[in-house]
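Here are a few exercises to work through with the model open in your viewer. Try each task before you read its solution.

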Amino acid sequence: MHHPTTEARASIYYDYRVFEPWLPSKHPPQDRQKVLIAGAGPAGMVTALELARHGVPSVVLESELQVSQGSRAIVFTRRSMEILQQVGVAHRITENGLPWRFGNSYYRGQKVFRMEAPHDPDDRFVPMINIQQQYLEEYLIDACGASPLVDFRWGNKVVAVEQRGDHAVVQVDTPEGPYTLQAEWLVAADGGRSEIRAMLGGKLEGAAYEGFFVIADIRVDLPLPTERRAYFDPEWNPGNTVLMHREPHGIWRVDYQLPPGETPAEALKPAALKARIDAQLAMIGHAGAPWEMDWCSVYSARTLTLPDYVMGRVIFTGDAAHLLPIFGVRGANTAFQDAQSLGWHLAFVLQGLADARLLANHSAERVGAAREIIDEAGKSTRFMAPPSRGFRLLRDAVLSLSLTEEFVRPLYHWRTSRPHAYTRSMLNSPDDDNALFTTGPAHGAPPQNVRLAPDDHLLDHLGGGFDLLVFTAADAVPAPLLAVVAQARGRGVPLKLIAVSPGRPVAGADQTLADAEGHIRARYGVPSSGGAYLLRPDQHVCARWLRLDATRLQTALDTALAQQGPTS
Ligand SMILES: Cc1cc2nc3c(=O)[nH]c(=O)nc-3n(C[C@H](O)[C@H](O)[C@H](O)COP(=O)(O)OP(=O)(O)OC[C@H]3O[C@@H](n4cnc5c(N)ncnc54)[C@H](O)[C@@H]3O)c2cc1C
């Protein structure tokens with residue numbers, strides 16, 4: 001019998017709500033489900049909301065009765081906000097989070113680099129916004145609760161999975177005992193320690209780094225702006241690194257590396273924590289500032305991924321699929337991109353709009369993204385915590401040179417999470433005009449947002465399925481193009497036709513965006529009337545043309561639905 005704790009987790013700023021468990025005896029017998037999602041972390045809930053956006057119901061099984069212990073992910077990127085906008089929670093993060101775009105690096109007390117994250121006036125969202133993961137999860141729970149297509153079950157733990165060809169049989173344990181569910185697909189979003197991954201023998205590939213970091217969230221009144229602070233080789237922690245971030249509700253995260261040989265248990269003793277936090281506050285000029293601990297934990301950096309996220313009828317996503325170091329704010333930010341991708345790929349397969357090749361594409365694209373992130377995160381990790389004498393010598397040379405030499409200072413600028421471009425995706429049109437464009441988002445890239453009015457942006461208007469942006473000065477969309485659009489819709493493919501026009505509304509388009517100054521056209525690198533972009537349901541570009549005709553559109557849609565190439 002599964003007995004999740006019913007005692008609210010302790011926190012000095014977050015009021016944990018303990019939800020009622022979902023009990024099988026109170027519900028009628030269950031038919032076979034389309035999708036079960038194990039785990040209601042960021043990855044599981046965004047997957048459920050994305051599936052719902054595409055019209056697919058799911059059952060979310062969460063073993064606990066409350067949201068995440070401690071703040072965990074606190075920094076969310078612009079692309080994450082664009083994804084969260086689509087599932088209806090971005091506004092709550094904007095209202096309650098702390099935006100920022102500068103980072104400062106200090107070496108032995110001297111500021112040696114100031115990073116500025118680019119911010120385009122066309123963007124709706126700031127480069128980064130800080131909010132604790134509990135709030136993010138709360139907003140996602142509210143959104144799931146508001147969706148008739150999400151069946152949320154607290155206190156339901158997946159304990160066994162059996163693959164049966166065209167479905168999975170899943171044993172679920174609850175506070176009143178187990179029950180069985182069948183599903184066409186099981187999404188394993190059960191986190192970094194995924195038991196489902198272990199049950200199915202999934203082997204993560206990659207590296208685990210030595211050395212531990214303490215994360216401590218403290219409440220302290222520091223009159224400092226919301227900016228990232230990184231201290232290399234500080235006096236009180238020689239050879240190591242300390243990071244600080246401001247969080248909402250007067251909380252600061254202090255994240256410090258432990259000297260080699262110190263165990264997590266030693267590091268988490270109250271006296272050890274107190275000495276180090278006092279030393280850090282003293283170093284930044286706030287000796288003796290009163291502070292209170294909310295939550296602390298120890299972690300080590302790992303860069304690991306499964307080589308394939310689809311295993312029979314089980315699809316791994318988020319931390320269950322890969323483990324990424326938190327430097328560069330990659331965990332949750334990557335999970336949103338995984339979930340957004342999985343949502344449409346799986347929905348289209350379930351709706352018969354594409355076959356298994358589309359799911360294989362999801363896995364290939366997201367494993368590719370994880371590998372790119374692992375490569376970048378590995379570099380950051382080696383800079384923050386050099387794994388060998390050689391790396392340390394190199395890192396220390398950069399650090400000491402930076403005191404006098406300007407040119408080495410940008411080396412401090414470790415990359416933060418960014419959206420992966422599916423540059424070599426099989427869904428990209430091979431014979432479009434991608435190579436002829438000199439600017440604008442290219443094959444596989446996420447779209448460029450464009451400000452249309454003070455609170456109105458291009459991405460606000462995308463339809464959730466495929467979007468065809470046609471740049472035209474004509475009065476009407478050509479009839480042969482409309483015929484291809486109608487035929488795709490007739491097959492059930494969601495496709496919105498948006499005309500971007502310098503003048504009047506364009507007949508045949510679902511919507512016309514006025515572009516009298518040619519600003520949208522310029523951002524998309526379209527030199528003249530007749531150009532077009534095809535965006536996938538996750539908004540990434542899969543085709544773009546300087547001149548579009550019906551045959552080219554038909555080919556692009558077939559390619560984007562993985563209807564070319566072998567089935568296995
Ligand atoms: C200390 C710490 C600090 C972090 N800081 C950052 C940061 O600053 N930035 C960042 O981007 N990321 C950070 N992360 C990572 C981030 O928290 C994760 O990447 C993110 O939560 C991944 O989401 P997920 O949904 O894949 O997994 P999780 O959030 O772990 O969710 C998994 C869910 O599955 C449930 N579950 C587990 N087993 C079962 C089962 N058998 N049946 C049903 N339910 C199950 C769990 O209860 C949980 O709710 C941090 C993580 C930690 C631990």
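**Exercise 1. Sort the residues around the ligand by class and find where they come from.**

Start with the classes: the shell around the ligand holds 13 nonpolar, nine polar and eight charged residues. Here Ala, Val, Leu, Ile, Met, Phe, Trp, Tyr, Cys and Pro are nonpolar, Asp, Glu, Lys and Arg are charged, and the others, Gly among them, are polar. This is a predicted model, where local features need pLDDT of at least 70 and side-chain atom pairs count only at pLDDT 80 or more, while totals for chains, interfaces and linings use all residues. Residues are numbered from 1 along each chain as its sequence is written, and side-chain values use heavy atoms, leaving out hydrogens and water.

Next, the count: 30 residues surround the ligand, and Ala43, Glu62, Gln133, Asp319 and Ala332 are the closest (near means a heavy atom within 4 Å).

Now the elements: helix H8 gives the most to this shell, three residues (helices are DSSP runs of H or I with at least four residues, strands E runs with at least two, numbered from the N terminus).

**Exercise 2. Find the backbone atoms that meet ligand oxygens.**

Look for polar contacts, pairs of N or O atoms within 3.5 Å; within protein, one must be able to donate a hydrogen and the other to accept it, and residues adjacent in sequence count only if both atoms are side-chain atoms. A backbone N or O of Asp319 sits 2.8 Å from a ligand oxygen. For Ala332, a polar backbone atom is 3.0 Å from an oxygen of the ligand, and for Gly331 the distance is 3.3 Å.

**Exercise 3. Which residues does Asp120 touch, and which polar contacts does its side chain make?**

First place Asp120: look in the loop between strand E6 (110-116) and strand E7 (128-130). Leaving aside residues up to four places away in sequence, Asp120 touches Arg78, Gln448 and Arg523, with contact meaning heavy atoms within 4.5 Å. Then zoom in on the side chain: Asp120 and Arg523 are joined side chain to side chain by a polar contact of 2.9 Å. The Asp120 side chain also reaches the backbone nitrogen of Asp122, at 2.8 Å.
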